[in-house]
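Trainee: I'd like a close look at one part of this model, and then how the rest is put together around it. Here is what I have on screen.

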Amino acid sequence: MQTLLTDADDRLQPRLVIAGRWCDAEGSARSAVVNPATGRTIGEFACAGGADAIRAVDAATAALAEWRSLSALQRADHLQRWYEMVLSSREWLATTITLEQGKPLKEARAEIDYAASFIRWFAEEGRRIYGETIPADGPGRHLTVSHRGIGVCAAITPWNFPAAMVTRKAAPALAAGCTMVLKPAEQTPLTALALARLALEAGIAPGVFNVVTGPPVEIGAVLTRDPRIRKLSFTGSTAVGKKLMEACSSTVKRLSLELGGNAPFLVFDDADIELAVESAMLAKFRNSGQTCVAANRFLLHESIADRFVSRLLRSMEGLVVGPGIEDSSRLGPLINDAAVGKIERLLADATARGAELRTGGKRHRLGLSFIEPTLLESVDPQAAIMQEEVFGPVVPVTTFRDEQEAVALANATDSGLAAYVHTRDVSRSLRLHDALEVGMLGLNTGLVSNAAAPFGGIKQSGFGREGARQGIQEYVDTRLLCVGGVDR
């Protein structure tokens with residue numbers, strides 16, 4: 001069996017990373033990692049259980065005091081070395097992502113750069129967790145506020161960005177003086193194991209960053225209920241996020257939840273159509289549409305809808321569907337057959353409600369979980385495809401008459417993660433910024449995320465922020481020191 005886990009250089013193993021060592025799970029069960037582009041097994045991972053998760057929490061707890069006692073500069077130096085090792089291993093990591101997740105190599109390389117940027121950003125931001133002095137409320141008193149890492153943290157990461165979602169959580173936690181237990185998605189454990197190996201090689205102390213792989217039920221029960229874990233960060237579906245909230249309530253853990261999205265893409269009558277199409281191609285087709293901030297609902301002013309659709313269809317013709325490992329591929333496979341089945345269900349519902357299929361609409365001739373890039377016009381706003389997160393290369397289009405109707409359509413969802421607007425009217429831009437119920441708005445751009453900007457949503461898309469200075473605040477406690485008798 002071809003495998004990434006037991007190759008000649010032994011960089012990865014089908015084991016857990018606990019207390020700085022590769023460890024066997026208590027049980028002997030292993031699961032296969034399958035390349036979605038070929039259906040072939042490329043490796044295995046250990047199926048950890050509750051006892052293994054407890055071992056990882058033990059290790060993170062034991063390592064906390066020493067890691068927390070380091071200066072911010074010392075922790076920053078370790079993270080900087082990790083950043084440098086990630087970049088020097090860019091091709092290995094990108095290939096690993098492509099083989100286990102499916103995205104084209106070009107995108108995988110970009111993800112490694114993106115993942116590394118969070119390590120670098122928080123290596124620097126950890127040195128800027130500033131406190132403050134408050135004017136005292138009376139003579140002889142002194143008030144100061146400081147911040148300290150919250151303690152042992154846990155993270156549960158998704159399969160669609162298996163490197164960036166790890167570093168976006170681990171880097172701020174470690175920079176703040178916290179230790180971490182990571183549970184990566186079962187579909188993409190190899191990238192997380194690779195990052196853990198590089199962290200150890202960078203000199204990050206044993207037990208500071210632990211990885212347990214396997215099915216979620218037993219591991220999740222420990223991560224949510226163990227009182228030693230003071231913070232849980234999760235990226236994934238809204239349904240799972242709600243279950244985690246409930247499970248964490250017994251120990252009153254701090255939570256960061258980045259949940260489902262249903263981003264509208266609004267194009268007004270004064271928009272630069274060429275720029276809007278460029279933005280749409282990026283916002284919709286990156287990672288084959290499998291991103292939480294992907295443009296999900298295309299809302300077009302009725303006067304420019306035909307022009308926009310015609311131009312977008314021409315751009316879609318240039319999308320080459322194929323295995324991500326091939327340089328010519330622009331769209332890789334979806335993560336599995338169930339993802340294709342969901343899209344088939346959404347398309348059937350939309351067409352039954354009168355939507356017109358302009359291109360695509362079926363599985364690609366390559367088979368497996370490849371699907372044709374698809375565009376639907378005249379989609380009923382009540383269709384399931386406008387209500388659910390699509391997570392695939394499908395463009396559902398409907399039109400609006402005026403700004404008021406556009407805002408109503410855009411806000412008609414429980415989600416509130418991202419939105420995209422194309423207009424050259426400054427006043428309209430400001431009105432929409434106030435009116436749209438989202439945590440992030442892309443104005444005349446299809447890309448909203450970078451390490452220096454806060455990432456997160458509102459409504460049922462969750463709470464908390466990742467990236468920016470806000471990202472590290474999620475991992476610290478605010479503490480007051482009140483001193484009396486200063487004048488005695």
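In the open sheet of seven strands, what is the strand order, and what kind of pairing does the sheet have?

Mentor: Before the sheet, a word on what you're looking at. This is a predicted model, with local features needing pLDDT of at least 70 and side-chain atom pairs counting only at pLDDT 80 or more, while totals for chains, interfaces and linings use all residues. Residues are numbered from 1 along each chain as its sequence is written, and side-chain values use heavy atoms, with hydrogens and water left out.

Now your sheet. The order is β14-β15-β16-β13-β12-β18-β19, and the pairing is mixed. Helices here are DSSP runs of H or I with at least four residues, strands are runs of E with at least two, and both are numbered from the N terminus; two strands count as paired if DSSP finds at least two bridges between them. At the edges sit β14 (356-359) and β19 (440-443), each pairing on one side only. On average, neighbouring strands in this sheet are turned by 25° against each other, ignoring direction.

Zoom in on the β19 edge. Strand β18 (residues 418-422) runs parallel to β19, joined by four bridges. One residue pair to click on: Ala-418 stands opposite Met-440 in β19.

Something also lies across the strands. Helix α11 (residues 337-352) lies across β15 (374-377) and β16 (394-400), at about 25° to β15. Angles run from 0 to 180 degrees between N-to-C directions, and axes are lines fitted to C-alpha atoms, for helices over the stretch in contact.

Next, a helix pair. Helix α13 (residues 403-411) and helix α14 (residues 426-435) cross at roughly 30°, and their axes come within 11 Å. They are therefore roughly parallel to each other (under 35 degrees counts as roughly parallel, over 145 as roughly antiparallel, 65 to 115 as roughly perpendicular, the rest as oblique). The crossing of α13 past α14 is right-handed, that is, the near helix is turned clockwise from the far one by less than a right angle, anticlockwise being left-handed. Glu-403, Val-407 and Asn-411 of α13 make the contact with Arg-428, Arg-431, Leu-432 and Ala-435 of α14, where contact means heavy atoms within 4.5 Å. By class, that gives three nonpolar, one polar and three charged residues (Ala, Val, Leu, Ile, Met, Phe, Trp, Tyr, Cys and Pro count as nonpolar, Asp, Glu, Lys and Arg as charged, the others, Gly among them, as polar).

Set that beside helix α2 (residues 72-88) and helix α4 (residues 105-125), which pack at about 165° with their axes 8 Å apart. These two are therefore roughly antiparallel to each other, and α2 passes α4 in a left-handed crossing. On the α2 side the contact includes Trp-82 and Tyr-83, and on the α4 side Ile-119 and Phe-122 are among the residues met. The class count for this contact is eleven nonpolar, one polar and two charged residues.

There's another open sheet too: three strands in the order β5-β6-β22, with antiparallel pairing. Its edges are β5 (132-134) and β22 (476-483), each with a single partner strand, so one side of each has no neighbour in the sheet. Strand β6 (residues 142-149) pairs with β22 over eight bridges, and Leu-143 stands opposite Cys-482 in β22.

Zooming out, the protein has 15 helices and 22 strands, and its C-alpha atoms fill a box of roughly 75 × 65 × 40 Å along the principal axes.
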